[in-house]
Structure formats: C-alpha cells, structure tokens
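Subject: Structure handover

Hi,

Here is the structure to look at. Please open it and keep it beside this message. My findings follow below.

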Amino acid sequence: MAAMWAQKTVVIPAQRRGCHLITPKILREIEGDLSGFKCGLAHFFLQHTSASLTINENYDSDVQADTETFLNRIVPEGHNAPWKHTMEGPDDMPAHIKSSMFGCALTIPITDGRLNMGTWQGIWLCEHRDHASPRKIVITLNGV
C-alpha cells in the first residue's frame, strides 16, 4: 500500500466565548477523505492565536462550562489585569495565554476510516475572545 495524503481547511463559524464541541462538523467535512485510510494520523492545526483546540468530554456540556470557568479564574482579564498587550481589548492578551495553554494543534490516530478516539472524547474549539471571528482549521490526513 502506498502512503496517502489529504488536506483540507475547515472554517468554523464565529462562536461565542467558551468551549464548543466541533467533532460532528469536522467529521462531515472530512468523511470522504477519511474513509480512504486504513491506518494513519489526522493532524488538526488552528490558524489563530486567541482560540485553541483540545480533546475532552463529548457528552456532558457542564464539562465545557466548567473548563471555561477554570480558564477565566486562572487567567485574569479586564482593565485591572497586569497585561501590557491591550491594543485589541482587555480580552486579547488573556486569549493568547489561554490559547498557549491548550495549544493550536491535535493529532488523532485514524483506524479503519475513522478517527480513533475514546467513547467520551470529542474535539473542542475553545474560543477565548468576546467578539470572535470565524476560525480556520487545517486538517492533514496521512496514512495507508
């Protein structure tokens, strides 16, 4: 079997601040390519510095809300926060810090044409800005 590659950029519409389960949208966008892989890796790269990607609970939305609460408690924001970078508003620098904490990339195994995640795992887009824009995710599939 020869190695195969596929790549696609998926645009996630602007979301409110918080953590959003995006697995269904991602799967809809890549299912045609994904089905051709017996074994491989799917790499997800978010092209932004004020949002992040992570894998977490895909069932109970309280986990998403609790994660947002946690992030807001450990990364202060507002006019009294100690950040120098405030040109884009008081939520911008905290968004950059939160993005660095979770990161902008994920790698998930592909097995028999599907993302090989655990039963309760899902892909989250974490939006860290109050007034977000659409977010672009470059998805690269590689395998046989």
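First, a term. Helices and strands are DSSP runs, numbered from the N terminus; a helix (H or I) has at least four residues and a strand (E) at least two. With that in hand, look just after helix H3: the next residue is Gly103, and its phi is positive, near 95°. Keep in mind throughout that this is a predicted model.

**The overall picture**

The protein chain has 3 helices and 8 strands. Starting at the N terminus, their order is β-β-α-β-β-α-α-β-β-β-β. The C-alpha trace spans about 60 × 30 × 20 Å along its principal axes. Of the 144 residues, 40% count as buried. Now take the contacts between residues at least 6 apart in sequence: 83% of them join residues at least 24 apart.

**The sheet**

Five strands make an open sheet in the order E1-E8-E3-E5-E6, and the pairing is antiparallel. Why do E1 and E6 each have one side without a neighbour in the sheet? They stand at the edges with a single partner strand each, so one side of each stays free of a neighbour there.

Further in, E3 and E8 pair over 7 bridges, in the antiparallel sense. One pair to find is Phe45 with its bridge partner Val138 in E8. Helix H1 packs on this sheet and touches E1, E3, E5, E6 and E8. The direction of H1 makes about 160° with that of E1.

E3 and E5 are also antiparallel, with 7 bridges between them. Here Leu41 stands opposite Pro109 in E5. E5 then meets E6 (residues 114–115) through 2 bridges, again antiparallel. Ile110 is the residue opposite Leu115 in E6. E5 and E6 make a hairpin with 2 residues between them. Asp112 sits in that turn and has a positive phi of about 50°.

**E5 as an example strand**

In a regular strand, side chains alternate between the two faces of the sheet. Which residues of E5 point to the buried face? Leu106, Ile108 and Ile110 do. Ala105, Thr107, Pro109 and Thr111 point to the other face and are not buried.

**Helix H1**

H1 covers residues 23–34, which makes 12 residues. A straight helix would reach 16 Å at 1.5 Å a residue, but the end C-alpha atoms of H1 are only 13 Å apart. Its buried residues are Thr23, Ile26, Ile30 and Leu34. They lie on the same side of H1, because they cover an arc of only 70° around the axis. The general rule helps here: an α-helix has 3.6 residues a turn, so residues three or four places apart point the same way. Arg28, Glu31 and Gly32 are exposed on the other side of H1.

**The core**

Nonpolar side chains tend to be buried together in soluble globular proteins. The largest nonpolar core in this chain has 23 residues. Ile26, Phe44, Leu115, Ile123 and Ile137 have the most contacts inside it. Two or more residues come from each of these elements: E1 (4–12), H1, E3 (39–46), E4 (51–57), E5 (105–111), E7 (121–127) and E8 (135–143).

Try Ile123 in your viewer. Leaving out residues up to four places away in sequence, Ile123 touches a long list, including Ile26, Phe44, Leu106, Ile108, Leu115 and Met117.

**Helix H3**

In H3 (residues 92–102), the buried residues are Asp92, Pro94, Ala95, His96, Lys98 and Ser99. E4 and helix H2 (61–74) are among what covers them.

**Two residues to click on**

- Ala6 is in strand E1. Buried means under 20% relative accessible area. Ala6 is at 17%, so Ala6 counts as buried. Ala6 and Ile139 are 133 residues apart along the chain, yet their C-alpha atoms are separated by 8.2 Å. Beyond residues up to four places away in sequence, Ala6 touches Asp33, Phe37, Ile139, Thr140 and Leu141.
- Asp91 is in the loop between H2 and H3. Is Asp91 buried or exposed? At 5% relative accessibility, Asp91 counts as buried. With residues up to four places away left out, Asp91 touches Arg17, Glu77, His128, Arg129, Asp130 and His131.

Best wishes

Conventions
Residues are numbered from 1 along each chain as its sequence is written. This is a predicted model: local features need pLDDT of at least 70, side-chain atom pairs count only at pLDDT 80 or more; totals for chains, interfaces and linings use all residues. Side-chain values use heavy atoms; hydrogens and water are left out. The expected span of a helix is 1.5 Å times one less than its number of residues. Buried means under 20% relative accessible area, exposed over 50%, partly exposed in between (1.4 Å probe, protein chains only). The arc is that of the directions from the helix axis to the C-beta atoms. A nonpolar core is a set of buried Ala, Val, Leu, Ile, Met, Phe, Trp, Tyr and Cys residues joined through side-chain atoms within 4.5 Å. Contact means heavy atoms within 4.5 Å. Two strands pair if DSSP finds at least two bridges between them. Axes are lines fitted to C-alpha atoms, for helices over the stretch in contact, and angles run from 0 to 180 degrees between N-to-C directions.
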